[in-house]
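Open the model in your viewer and keep the selection tool ready. We go from the whole chain down to one element.

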Amino acid sequence: MADIVVVFHSGYGHTQRVAQAVAESAGAQLLAIDADGNLPEGGWEMLAAADAIVFGSPTYMGGVSWQFKKFADASSKVWYTQGWKDKLFAGFTNSATMNGDKVTTMAYLWTLAMQHSGIWVSMGILPTNNKAATRDSMNYVGGYGGLLTQSPSDASPAEMFKGDFETARAFGERIAQVARSRAAK
């Protein structure tokens with residue numbers, strides 16, 4: 001069994017719900033970055049022991065939240081020793097608009113993983129992009145490199161779209177499957 005950690009920041013609870021869905025289906029541990037951009041005690045050790053690390057951040061102003069960025073900057077100590085080299089990585093983001101420049105957040109998460117000499121796990125799920133698609137369809141937002149979810153700015157975390165959670169669960173299952181097959185080799 002692979003050890004998977006979902007490390008995330010959530011400003012309003014939406015990204016946390018996505019993190020929970022990914023973690024539940026991946027059999028992963030949740031590791032929340034707090035409002036000051038810090039990990040809880042033992043957080044760095046959890047990440048060091050993980051076979052796979054999943055990054056999660058809301059997209060604010062076309063990028064990760066400052067709290068996630070603070071965590072990423074602090075990971076330079078791990079980078080220096082290449083402590084996460086060859087770990088699996090994946091990522092997700094949520095924003096209020098359908099596009100919301102999520103791609104720049106995903107590019108940042110991917111770049112962070114590559115800086116750590118990691119191996120990226122893509123979505124592996126085709127988008128639902130036909131006329132029959134509804135907002136509750138799988139991968140409706142259309143991510144390939146990572147999970148993209150959307151929640152209207154006036155929607156509570158409880159009002160998020162069912163299709164985004166189904167996609168999050170499928171993504172978590174994919175991450176777990178890739179981690180298991182890699183561990184078996």
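The stops below run from overall fold to a single helix.

**Whole chain.** This is a predicted model. Colour by secondary structure: the protein shows 6 helices and 6 strands. Trace them along the sequence and the order reads β-α-β-α-β-α-α-β-α-β-β-α.

**Dimensions.** Align to the principal axes. The C-alpha atoms fill a box of roughly 50 × 40 × 25 Å. The radius of gyration is 15 Å, which agrees with the value near 16 Å for a compact globule because the chain has 185 residues.

**Contacts and burial.** Switch on contacts with a separation of 6 or more. Of these, 75% join residues 24 or more positions apart. Of the 185 residues, 49% count as buried.

**Surface and charge.** Now show the surface. About 8,900 Å² is exposed, and carbon and sulfur atoms supply 54% of that area. Then select charged side chains: 15 are positive and 16 are negative. The centres of the two sets lie 8 Å apart.

**Helix 6.** Select residues 162-184. This is helix 6, with 23 residues. From first C-alpha to last, helix 6 reaches 33 Å, close to the 33 Å expected at 1.5 Å a residue.

Which residues of helix 6 are buried? Show side chains for G163, D164, F165, T167, A168, A170, F171, G172, I175, A176 and A179.

**Partners of helix 6.** Keep those buried residues visible and add what they pack against:

- strand 1 (4-8)
- helix 1 (14-26)
- strand 3 (52-58)
- strand 4 (88-95)
- strand 6 (147-150)

How values were computed. Residues numbered from 1 in each chain as written. Predicted model: local features only at pLDDT ≥ 70, side-chain atom pairs only at ≥ 80, totals over all residues. Heavy atoms only, no water. Helix = DSSP H or I, 4+ residues; strand = E, 2+ residues; numbered from the N terminus. Rg over C-alpha atoms; globule rule 2.2 N^0.38 Å. Buried < 20%, exposed > 50% of the residue type's maximum accessible area, 1.4 Å probe, protein only. Contact = heavy atoms within 4.5 Å. Areas by Shrake-Rupley, 256 points an atom, 1.4 Å probe, with all protein chains shown as cover. Lys, Arg positive; Asp, Glu negative; His and termini not counted. Charge placed at Lys NZ, Arg CZ, Asp CG, Glu CD. Expected span 1.5 Å × (residues − 1).
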